[in-house]
Amino acid sequence: MKITGFRLGLLSAPLRVPFRTALREVSRVEDIVVELYTADGAVGRGEAPPTAAVTGETLGSIEAALRGHICPSLVGREADGMEELLSAISRSIVGNTSAKAAAEIAVWDLYAQQYGLPLYKLLGGGKSGLETDLTISVNDPETMARDTADALSRGYDTLKIKVGENPALDLDRLRAVRAAAPEAVIRIDANQAWTSRQAVRLLEEMQAQGLRIELVEQPVKGKDLDGLQFVTTHSPVPVMADESVFSPQDAMTILQRHAADYINIKLMKCGGLSNALRIASAAEVCGVECMIGCMLEAKVSVTAAVHLACARGIITRVDLDGPALCSADPVAGGAVFSGRHISLSDEPGLGITGISGMRYLD
Ligand code: MG
């Protein structure tokens with residue numbers, strides 16, 4: 001069945017509390033949705049958030065890349081010609097990884113629908129459920145302790161704590177969080193904010209103070225692989241590469257250099273499911289466990305990430321809290337989020353049936 005057309009829309013959902021990291025502050029999720037249509041009435045959906053601070057993409061750039069380059073390269077092609085479709089997306093424009101991820105997700109959604117299978121089964125997966133952590137934004141220690149208590153009351157037992165904005169405060173922040181959650185698994189994310197020596201010093205101090213940090217995400221600048229390797233070698237806390245790994249090639253470099261202990265895979269960084277699968281495979285060969293992460297995304301693209309994580313055993317950690325950070329969910333169908341538990345139905349494709357209140361960008 002041929003892909004006959006596409007439409008783009010703007011999905012908007014308010015956040016429960018403003019999202020703050022060392023890089024930015026955001027108060028609502030606003031993402032571009034792409035819908036691909038086939039002649040027999042099927043709809044494939046994908047979504048991309050504007051994460052200018054990470055991928056360089058804005059709402060305007062995502063819309064322009066999809067409308068002017070990526071989607072036109074798909075119209076007229078067979079929806080079950082997966083290799084051709086993925087290659088068309090990849091060749092349509094350089095960069096623009098989130099826009100490409102949105103188109104890829106829509107293509108995989110259509111493909112799995114044609115075979116009447118949920119996407120995770122098509123990808124070879126067995127399990128249909130996951131447990132996610134919840135992110136606590138970087139703030140003053142009192143606010144972070146309050147957000148931590150709120151997370152525990154909502155049933156989360158693993159927390160990802162944003163640090164790195166004014167590093168002098170980070171130890172105070174983590175002491176406040178640990179006091180509020182003595183039993184929780186606590187992982188931290190510095191979002192590139194530290195120098196390598198500062199990172200080692202801070203991480204040593206955290207463990208010496210009994211803060212029991214499970215892992216630290218991206219302590220240093222994404223491009224500073226020497227620094228990342230230094231922290232991995234000298235820190236008492238295992239290191240996860242996030243902003244250092246966009247492409248499968250980036251992952252290979254990190255794996256070959258042993259520059260990190262874990263890799264954070266995000267569909268929006270790597271350009272979609274096909275590169276995410278390549279990164280997972282490379283990591284699996286090297287015995288390096290991965291986390292599946294997301295940006296500030298609503299449920300269309302996060303559902304695709306859930307399908308991927310259910311299909312790959314090397315993805316042992318789940319940071320898919322985008323929908324849980326929103327105070328309303330405009331997406332019908334797809335993954336079901338209930339506290340920390342995420343489950344998939346056996347509906348074909350992503351299992352998404354509609355999006356309420358979406359404004360089409362025609
Ligand atoms: Mg991160």
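This briefing covers the metal site, the domain arrangement, the salt bridges, the cysteines and two backbone details of the structure above. The model is a predicted one. The chain is assigned to domain 1 (3-116 + 356-360) and domain 2 (121-355), and a magnesium ion is coordinated by Asp189, Glu217 and Asp242. Salt bridges number 25 in the whole structure, whereas a search for disulfides finds zero.

**Magnesium site**

- The magnesium ion is held by carboxylate oxygens of Asp189 (OD), Glu217 (OE) and Asp242 (OD), at 2.0 to 2.3 Å.
- Along the chain, the spacing of these donors reads D-x27-E-x24-D.
- Asp189 belongs to strand β7 (residues 185-189), while Asp242 sits in the loop between β9 (239-241) and α10 (248-257), so this pair of donors ties together parts of the chain that are 53 residues apart in sequence.
- Both Asp189 and Asp242 are buried.

**Domains and their interface**

- The assignment gives domain 1 as two segments, 3-116 and 356-360, and domain 2 as 121-355, and the C-alpha centres of the two domains lie 22 Å apart.
- To the contact between them, domain 1 contributes 43 residues and domain 2 contributes 49 residues.
- About 3,700 Å² is buried between domain 1 and domain 2, and carbon and sulfur atoms give 66% of this area.
- On the domain 1 side, the residues that lose the most area to domain 2 are Arg16, Arg20 and Arg45, which together account for 19% of what that side buries.
- One salt bridge is found across the interface of domain 1 and domain 2.

**Salt bridges around Glu165 and Arg173**

- Arg20, which is among the domain 1 residues losing the most area to domain 2, forms a salt bridge with Glu165, with the closest N and O atoms 3.1 Å apart.
- Glu165 is also paired with Arg173, where the closest N and O atoms are 4.0 Å apart; of these two residues, Glu165 is partly exposed, with a relative accessible area of 28%, and Arg173 is buried at 2% relative accessibility.
- Arg173 has a further partner in Asp170, the closest N and O atoms of that salt bridge being 2.6 Å apart.
- Asp170 and Arg173 are three residues apart in helix α7 (residues 170-180), which means that about one helical turn separates them; Asp170 is buried, with a relative accessible area of 0%.

**Salt bridge between β12 and β8, and the shared network**

- Arg317 and Glu214 meet through their side chains in a salt bridge, at 2.9 Å from N to O.
- This pair links distant parts of the chain, since Arg317 is in strand β12 (residues 315-319) and Glu214 is in strand β8, 103 residues apart.
- Arg317 counts as buried at 14% relative accessibility, whereas Glu214 counts as partly exposed at 23%.
- Elsewhere, salt bridges that share partners join Arg20, Glu25, Glu165, Asp170 and Arg173 into one network.

**Cysteines**

- Zero disulfides are found in a search of the whole structure, and Cys286 is accordingly in none, the nearest cysteine sulfur being that of Cys290, 9.9 Å away.
- Seen from Cys290, the closest cysteine sulfur is that of Cys286, and the 9.9 Å between the two sulfurs is too far for a bond, given that a disulfide requires the sulfur atoms to be within 2.5 Å.
- The surroundings of the two cysteines can be set side by side: Cys286 is partly exposed at 43% relative accessibility, whereas Cys290 is buried, with a relative accessible area of 1%.

**Positive phi angles**

- Most residues other than glycine have a negative phi.
- Asn191, a residue other than glycine, has a positive phi near 45°; Asn191 is found in the loop between β7 and α8 (196-208) and is buried, with a relative accessible area of 6%.
- Gln218, likewise a residue other than glycine, has a positive phi near 35°; Gln218 lies in the loop between β8 (213-217) and α9 (225-234) and is buried, with a relative accessible area of 0%.

How values were computed: Residues numbered from 1 in each chain as written. Predicted model: local features only at pLDDT ≥ 70, side-chain atom pairs only at ≥ 80, totals over all residues. Heavy atoms only, no water. Donors = N, O, S within 2.8 Å, 3.2 Å for Na, K, Ca; no water. Helix = DSSP H or I, 4+ residues; strand = E, 2+ residues; numbered from the N terminus. Buried < 20%, exposed > 50% of the residue type's maximum accessible area, 1.4 Å probe, protein only. Domains from an automatic or database assignment. Contact = heavy atoms within 4.5 Å. Buried area = accessible area lost by both parts, 1.4 Å probe.
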